[in-house]
Every structure is written in structure tokens, then in C-alpha cells.
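Me: I would like a close look at a single residue, set within the chain that holds it. Please explain each term along the way.

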Amino acid sequence: MRLNHLALAVRDIERSRRFYETYFGFDAGPASRYEDGTLIIRDGEGFDLALHPDPDPRKLPDFAHFGFTTPDVAGRLALLERDGVPIVERWSEPGLESFKCLDPDGYVVEVYWEEPVSEG
């Protein structure tokens with residue numbers, strides 16, 4: 001088994017769609033729209049992100065977040081900072097580089113690289 005989708009309540013579907021397509025690669029293949037207003041966009045690995053309209057997304061606990069791995073954390077950070085995306089946390093230690101930003105609805109998104117752990 002593997003985790004295959006995430007559903008987010010968002011105020012503005014097209015704004016959120018642009019954010020996730022621009023910064024996180026959710027532009028693979030055609031999007032799917034449903035009668036209830038939900039839009040599903042996909043990344044190149046087949047992960048589905050369901051964006052559902054909600055005029056008042058609920059506040060989540062501070063710890064709640066989801067994350068993306070990349071070998072180029074610094075490059076992704078520079079791109080988001082250039083575009084004015086709020087960065088709320090940075091972390092750097094041997095074997096781990098990470099930062100967290102906010103999406104247009106205030107969801108916390110982590111971007112990180114972690115050194116692979118050798119088995120054996």
C-alpha cells in the first residue's frame with residue numbers, strides 16, 4: 001500500500017491549483033472536476049491532490065503539515081521566497097535540510113531532503 005491522495009478545503013480553487021502546479025509539480029495529465037466543485041490535479045508519480053471549495057477552511061493544529069522531498073531544497077526555497085510565499089520555518093543539520101511555507105489557505109507545506117540511511 002502507499003498513500004495516493006490528499007484532499008484540501010480551499011477558498012479559491014484556481015489560486016490553489018496555480019500554487020501546487022507552479023511549485024510542486026501537480027500538472028501531470030488532465031485534471032478531473034466533479035459536480036460538488038472538487039478539482040483533482042495530479043503529479044508525475046500519480047499522487048492526486050483534491051481541492052474542494054470551502055469559504056472557511058478550518059484551522060488545523062500547529063503541528064499539522066504535509067511534505068515534499070527534493071534534492072534541491074535551497075533552489076525550491078529561493079523560488080518560493082522570490083515569489084513572496086511565506087516561509088515559516090527553516091531547519092538545517094547534518095543529513096537534513098528543510099523549510100516550511102504556507103499555501104494560499106495557510107496550510108503548512110514542508111520541503112525537505114534527508115540523507116538516505118544505509119541498511120546494513
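Reply: The following account turns from the residue Lys100 to the whole chain. This is a predicted model, in which local features need pLDDT of at least 70, side-chain atom pairs count only at pLDDT 80 or more, and totals for chains, interfaces and linings use all residues. Residues are numbered from 1 along each chain as its sequence is written, and side-chain values use heavy atoms, with hydrogens and water left out.

Lys100 belongs to strand β7, which covers residues 96–102. Helices (H or I, at least four residues) and strands (E, at least two) are DSSP runs, numbered from the N terminus. Lys100 counts as buried because its relative accessibility is 14%; buried means under 20% relative accessible area, exposed over 50%, and partly exposed in between, with a 1.4 Å probe and protein chains only. Leaving aside residues up to four places away in sequence, Lys100 touches His65, Pro86, Ile87, Val88, Glu89, Val108, Val109 and Glu110, where contact means heavy atoms within 4.5 Å.

The chain around this residue has 2 helices and 8 strands. Their order from the N terminus is β-α-β-β-β-β-α-β-β-β. The radius of gyration of the chain is 15 Å, close to the 14 Å that the globule rule gives for 120 residues, so the chain is as compact as a globular protein of that length. This radius is taken over C-alpha atoms, and the rule is 2.2 Å times the number of residues to the power 0.38. Of the 120 residues, 36% count as buried. Among contacts between residues at least 6 apart in sequence, 49% join residues at least 24 apart.
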